[in-house]
Amino acid sequence: MGSTYSKETLEQLEFGEGKTLYGDTPLVILKAFLQSGVSYLGGYPGSPTAGLIDAMSDAYDPVLKDKGIYFDCSGNEASAAALLSASISHPIRGSANWKIVGTNVASDALTHISASGVTGGAMIIVGEDYGCDSTLVAEKALPFALKSTMAVIDPRGDLQHIANMVEAGFELSEYSNLPVMFILSTRTAHIRNKTRCKDNIEPKISMLNPLKEIVSDLEKIPMPPYSVEHERKKFHERIPAARKYISNNNLNEIFDGEDKGLGIITHGTVYNSLNRSLYNLGEANLQGETRIPIFNLNVTHPIVPEEIINFLDGKKAVLIVEEGMPNLIEEQIRSIAQRTKLNLDIFGKDILPQAGEYTPDNITKGIGTFLLSYAISFPEKQRIQERSEFVEKHKEKAANLLKESVTKRNPVFCTGCPERPIFTAIKILEEDYGKSYYASDIGCYSMSGLPPFDLSSSITGMGIGLASAGALSRMANQRVISFMGDGTFWHSGLTTSISHAVYNNQNAILVILENFWTSMTGHHENPASGMNMRQERVSMDIEKALKGAGVKWIKKVDPYDLKDSIKVLRKAYQTDEGLKVIISRGECQLEKNRKERVVTSEKIKTGKRLVQTKLGVDPDVCTGDLSCMRYNGCPSLTLKESPSILRDDPIAHIEQSCVGCGLCGEIAHAAVLCPSFYKVEIINNPSLIDRIEAKLNGAFLHFISNDVLNN
Amino acid sequence: MREIPQNIKIDMDKKNELLKILIPAVGGQGGGVLTEWLIQVFLIEGFEVQGVGLPGLSQRGGSTVYYIESYPKVNSEKPIIFSQYPLPGDIDIILAQEFLELGRVLELGYGSDKTTVVSSTHRIYSTLEKLPITRGIYSEENLRKLANAFSDKFIGLNALEIAKQNGLGELAINAILLGALGASGALNIDEASYLKAISQVGVGVETNIKAFRIGWDYVKSNKYNLSLIESGTKWDEFKKERFEKLHPDKREELLYLIFEIEQEYPDVLREILAEALFRLADYQDVWYSKKYLDSINKIYRLDRNSGDFMLTEMFAKNLALWMSYEDGIRVAELKINPERFKRIKKEMLLRDNQLFHVTDYLNPDAEEIYGLLPNLFVSPIVKLTETRLFQKIWPRKKKITFPQNPTTSSFIGSLRLWFLTKFKRFRPYSYRFKKEYSLMNKYSQSVERFSRMDYELGCLVAKSGNIIKGYGDVRRRTMDSFNRLLDNIINPLSEFEKKSGNSFDLTIDTGEKSLKLISDSTDGIDKAVELVNKVLERKAA
């Protein structure tokens with residue numbers, strides 16, 4: 001993987017007290033880890049926390065290794081979570097991270113660790129992508145933490161605050177024995193700003209200073225009779241301890257205001273949106289000084305009842321601005337108020353949107369409604385009314401200016417992508433065999449469900465696409481085709497889908513797209529890369545694993561050989577029994593290109609002969625029917641205006657970004673489309689033979705050229 | 001009465017002090033670096049700043065956004081509470097990498113009458129724009145409308161074109177845009193700070209500083225306002241250019257036809273007609289061009305008083321393309337034309353010390369081959385193969401095609417194509433010619449007939465000729481679509497309306513809808529016919 005973080009950037013990780021670090025959220029979090037004296041780190045890459053894996057991986061060699069900090073290239077989220085077991089009986093601090101949906105994969109490990117409780121601080125950074133910028137399902141982490149009894153930190157959108165909360169999180173975890181879940185929303189995960197540093201703390205236990213003796217504490221093992229005792233401890237000891245720590249250290253914040261009769265309770269990242277919303281309504285300034293007092297929960301679990309009671313006491317009305325459903329914070333606050341018999345009005349999801357991200361524009365109207373109920377003066381009312389309705393009205397105006405709405409841009413497979421040709425082949429075969437049931441999984445190839453391919457009947461992740469078609473393999477007339485990347489294969493696909501399919505004699509075709517990288521998250525090593533994220537060599541073979549699991553029908557194809565892929569797929573289509581696995585092997589073009597670019601320019605510079613390939617479209621041969629686009633989806637295959645003024649419609653065109661994979665030409669052949677495509681082989685630094693050949697050819701060709709011109 | 005307490009300074013009307021910059025971009029086009037430059041600019045100026053980028057989340061070429069907030073005065077006691085989300089109607093600057101992306105954020109309401117919009121006007125087409133068989137590109141005029149309606153100041157420049165003209169790569173658009181923003185005066189920051197920021201970030205410093213200056217000068221010299229005016233080529237030059245490309249023997253005869261257009265047709269049509277005449281003379285011979293002009297004349301007679309001559313224009317364009325349908329002979333001529341290799345060399349930016357080979361992907365099907373043979377000979381055989389008995393004896397499951405990859409830049413590779421060009425003079429007697437011609441005649445006659453019924457209806461039929469495209473199966477499918485459009489849609493609907501009254505609104509409206517369906521998917525014609533049947537059924541009931 002190409003480094004994301006430069007040497008200079010990483011050097012900041014060694015900064016001591018008082019120095020200023022400039023960087024993004026992952027770097028700041030990693031620095032906070034070092035300032036907390038962590039001993040081990042791990043995680044499974046996924047947006048929005050993929051950057052954290054980048055930072056740890058890039059920093060491993062120059063920084064972490066020397067400090068003896070163990071960095072685990074976790075096989076999936078469950079193995080990342082399992083890593084935290086090191087903290088159960090030993091005073092070792094550590095952290096693992098993954099994206100929100102990974103929590104589901106990790107749940108088994110988390111349940112056990114949470115039951116035992118931790119001695120050393122254990123922190124899970126969960127990338128929460130509630131707006132679904134890069135996640136296929138919208139989900140919140142809080143309900144999950146509640147059921148397993150973990151503390152939850154949800155920081156404001158401010159890098160310094162995030163760093164402070166990471167450090168506080170480890171303390172909280174150790175004080176209460178609860179593992180801590182640290183929520184990082186998509187936007188807070190991608191902030192760039194400056195922060196003040198503290199000295200790093202050397203880890204007590206590390207690879208350089210290993211444990212002298214393993215502690216075996218039977219009481220920590222989740223097994224009867226201790227299991228019931230664990231459950232008692234959770235609620236009678238750990239939660240009360242956490243509450244004590246939270247309130248003693250003021251982890252939650254009150255932004256006091258003049259209007260003591262009213263109040264707003266919110267949490268973490270939403271605070272920033274709330275403040276902006278109040279600012280635009282004329283109720284707060286940019287520094288966060290506000291007319292109505294705000295209680296901001298930086299720890300959303302456990303809630304400290306005394307803090308809530310103190311805030312609610314003596315108020316007429318309070319608004320709870322809580323993002324996501326189920327609205328557990330609101331329900332808890334309502335029950336605290338009811339139990340304490342506080343007499344006040346509580347508003348929440350009744351006037352704010354039930355679902356969706358709480359961006360400033362999504363909450364402004366609801367906040368306006370709350371303020372209007374208690375505004376007294378007419379100008380105040382008028383101002384709030386006007387301003388709280390402004391955004392909606394403005395949005396409507398913009399949306400309605402044009403009759404034809406602006407065309408959407410869906411993500412596409414890269415130029416030269418080795419995954420794309422298989423979908424081309426399947427698309428071409430649809431002409432002969434009709435549509436199949438396409439059970440997709442999680443990876444770049446999920447995009448095969450989008451135009452131009454439209455090849456997804458379902459997406460179930462991760463590693464369970466094939467398994468998701470288990471019943472339909474026997475109950476549908478259509479054949480089942482499933483897609484799985486190499487990362488997904490090793491994540492869980494081998495066990496959850498493949499061994500299950502062999503065990504059940506599932507009649508299906510599985511296409512494994514082996515491109516040697518977990519590309520979707522920004523190029524992370526996976527077991528197919530031949531190297532782990534610590535840059536140590538590994539050798540793991542998909543084919544051998546398949547054979548070991550008892551798969552009989554295995555074929556390998558070169559994705560760029562479209563003809564062969566079609567032939568092999570056809571064979572699979574015609575074999576109506578058992579699991580057929582096709583491994584399509586070709587390195588991710590982005591990664592390949594990154595390496596080749598250097599070699600190419602070096603060769604050209606030093607005068608070595610080098611042949612480069614590019615594809616083109618003859619603008620006078622192309623009629624603009626654009627059938628080629630329906631089978632391809634290559635970004636470099638695009639449109640341009642026809643050179644003829646007679647043709648109003650655009651024609652196909654290949655841009656200079658073409659990497660010469662030749663797929664478009666192969667498609668024209670395989671789908672019998674048109675003669676417009678051509679391949680150019682450019683010979684840099686031609687040899688003597690090349691030049692003699694060219695001279696001879698030129699002489700002969702001259703004869704034909706003249707004839708053509710005179711025809 | 002409760003007023004806002006005075007001890008809290010709530011700056012209700014000083015909103016301008018907080019700068020909010022939205023950068024809509026296409027994933028993978030360097031938006032992250034552009035954002036980083038701006039953050040550094042603000043840090044150099046001593047501002048408080050927060051940048052939020054969603055790199056990679058766009059997942060390869062999808063839409064993505066970057067967002068920056070900055071506050072001029074640093075108050076170390078109380079830091080600014082930044083928002084991580086841009087707010088519609090509350091953005092000071094939109095800096096757009098690509099024109100459609102600008103359109104998308106403006107449609108979502110991010111622009112307003114206080115926004116300075118700096119945008120590249122080049123387009124990276126989205127997949128959905130590439131798929132329709134006729135023009136699917138989103139209207140640039142609409143994008144300009146949005147930009148003008150939701151900005152205080154709109155600076156649109158084709159940064160990609162400017163980069164190319166200056167010998168810079170694609171990614172230089174980012175620095176060009178930064179330069180344009182700097183020069184727009186929207187930020188009131190010195191040039192030196194921008195240059196320092198580019199150096200500090202350290203990505204392609206030399207190139208990007210050059211690109212920044214180009215963008216800066218472009219806006220300072222007000223060139224972006226001029227770039228909208230395009231100069232068309234003069235008529236005389238237009239003629240001369242094409243004459244030189246034409247075979248000398250054909251020139252004199254064609255001159256008479258050109259003279260005829262100059263005399264008898266309005267100025268707006270003459271370039272189109274002349275282009276068609278040259279094309280057809282090159283395609284076949286001057287006799288063929290003359291035949292074309294005769295057909296045009298018939299339609300033009302109906303169009304004389306229309307003012308904009310849309311009917312003739314659309315008919316002239318489609319008929320010319322149709323008459324020069326791309327058969328093996330035409331493709332062979334184009335593929336071995338020496339001009340082609342000059343063009344390729346130029347397009348691929350090849351230097352003289354580089355050699356190149358060109359290989360073509362040719363895969364004609366059986367009909368494209370036998371279509372070149374004489375109709376007299378082929379027609380009976382085709383009829384025979386279409387009989388049920390024949391198909392029973394020899395059921396063909398697999399299509400017969402002739403895939404080949406000749407290296408057309410070599411003498412050996414181009415020989416067989418050269419041989420094919422020799423069939424040119426026999427083309428008018430070929431099976432394919434007869435087949436194309438019969439549908440072409442139907443087209444001409446339909447345009448004439450429907451124009452007499454209703455001018456707009458005639459225009460619709462004339463326009464619909466543009467759905468015929470492609471080679472082999474694709475061409476046969478589009479020809480079939482066209483045939484069915486006339487027989488099963490336009491004809492029955494217009495007959496129905498003729499009986500019921502004078503307006504053809506329903507025919508025209510349904511015809512337009514059908515064309516959209518045909519354009520959008522390969523089975524569009526089936527959907528269109530179904531739609532029409534439903535419409536007719538409903539009307540009948």
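**Figure 1. Strand β15 of chain A and its parallel partners in the predicted model.** Let's start with a small piece of chain A in this predicted model: β15(A) pairs with strand β16 (residues 458-459) of chain A in the parallel sense, over 2 bridges. Look for A:A439, which stands opposite A:S458 in β16(A). Strand β15 (residues 437-440) of chain A is also joined to strand β17 (residues 480-485) of chain A; these two run parallel and share 3 bridges. Here A:Y438 is the residue to find, standing opposite A:I481 in β17(A).

**Figure 2. A cis peptide bond between β15 and β16 of chain A.** Staying with the same part of chain A, follow the loop between β15 and β16 until you reach A:P452. The peptide bond that leads from A:P451 to A:P452 is cis, and its omega is near 5°.

**Figure 3. A cis peptide bond after β8 of chain A.** Another pair of prolines deserves a close look: the bond from A:P224 to A:P225 is cis, with omega near 10°. You will find A:P225 in the loop that runs between β8 and α9 (226-248) of chain A.

**Figure 4. Strands of chains A and B meet in one sheet.** Strand β8 (residues 191-196) of chain A pairs with strand β2 (residues 48-53) of chain B in the antiparallel sense, over 2 bridges. Two residue pairs help you find your way: A:I191 stands opposite B:V52 in β2(B), and A:R192 has B:G51 as its bridge partner in the strand β2(B). Step back, and these strands belong to an open sheet of 8 strands with mixed pairing, in the order β1(A)-β8(A)-β2(B)-β3(B)-β1(B)-β4(B)-β5(B)-β6(B). Its edge strands, which each pair on one side only, are β1 (20-24) of chain A and β6 (153-157) of chain B. On average, neighbouring strands of this sheet are turned by 15° against each other, ignoring direction.

**Figure 5. The contact between chain A and chain B.** How many residues does each chain bring to the contact? Chain A supplies 105 residues and chain B supplies 111 residues. On the side of chain A that touches chain B, helix α24 (residues 688-709) of chain A gives the most, with 10 residues. The residues on this side of chain A comprise 44 nonpolar, 37 polar and 24 charged.

**Figure 6. Two phenylalanines with positive phi.** A:F516 is not a glycine, yet its phi is positive, at about 70°. This residue, A:F516, is in the loop between β18 (508-514) and α19 (542-548) of chain A. Is A:F516 buried or exposed? A:F516 counts as buried because it has 21 C-beta neighbours inside 10 Å, and 20 or more are needed for that label. In chain B, B:F309 also has a positive phi, of about 55°, although it is not a glycine. B:F309 lies in the loop between α13 (286-303) and α14 (310-323) of chain B. With 20 other C-beta atoms within 10 Å, B:F309 is buried.

**Figure 7. Domains of the two chains.** Chain A is divided into domain 1 (7-247), domain 2 (253-398), domain 3 (420-591) and domain 4 (610-709). Taken over C-alpha atoms, the centres of domain 2 of chain A and domain 4 of chain A are separated by 62 Å. Chain B is divided into domain 1 (17-226), domain 2 (235-324) and domain 3 (435-540). Between domain 1 of chain B and domain 2 of chain B, the C-alpha centres lie 46 Å apart.

Note on methods. Residues numbered from 1 in each chain as written. Chains lettered and ligands numbered in written order. Predicted model: local features only at pLDDT ≥ 70, side-chain atom pairs only at ≥ 80, totals over all residues. Pairing = 2+ DSSP bridges. Helix = DSSP H or I, 4+ residues; strand = E, 2+ residues; numbered from the N terminus. Domains from an automatic or database assignment. Contact = placed C-beta atoms within 7 Å. Nonpolar A, V, L, I, M, F, W, Y, C, P; charged D, E, K, R; others polar. Axes fitted to C-alpha atoms, helices over the stretch in contact; angles between N-to-C directions. Buried ≥ 20, exposed ≤ 12 C-beta atoms within 10 Å, placed from the backbone.
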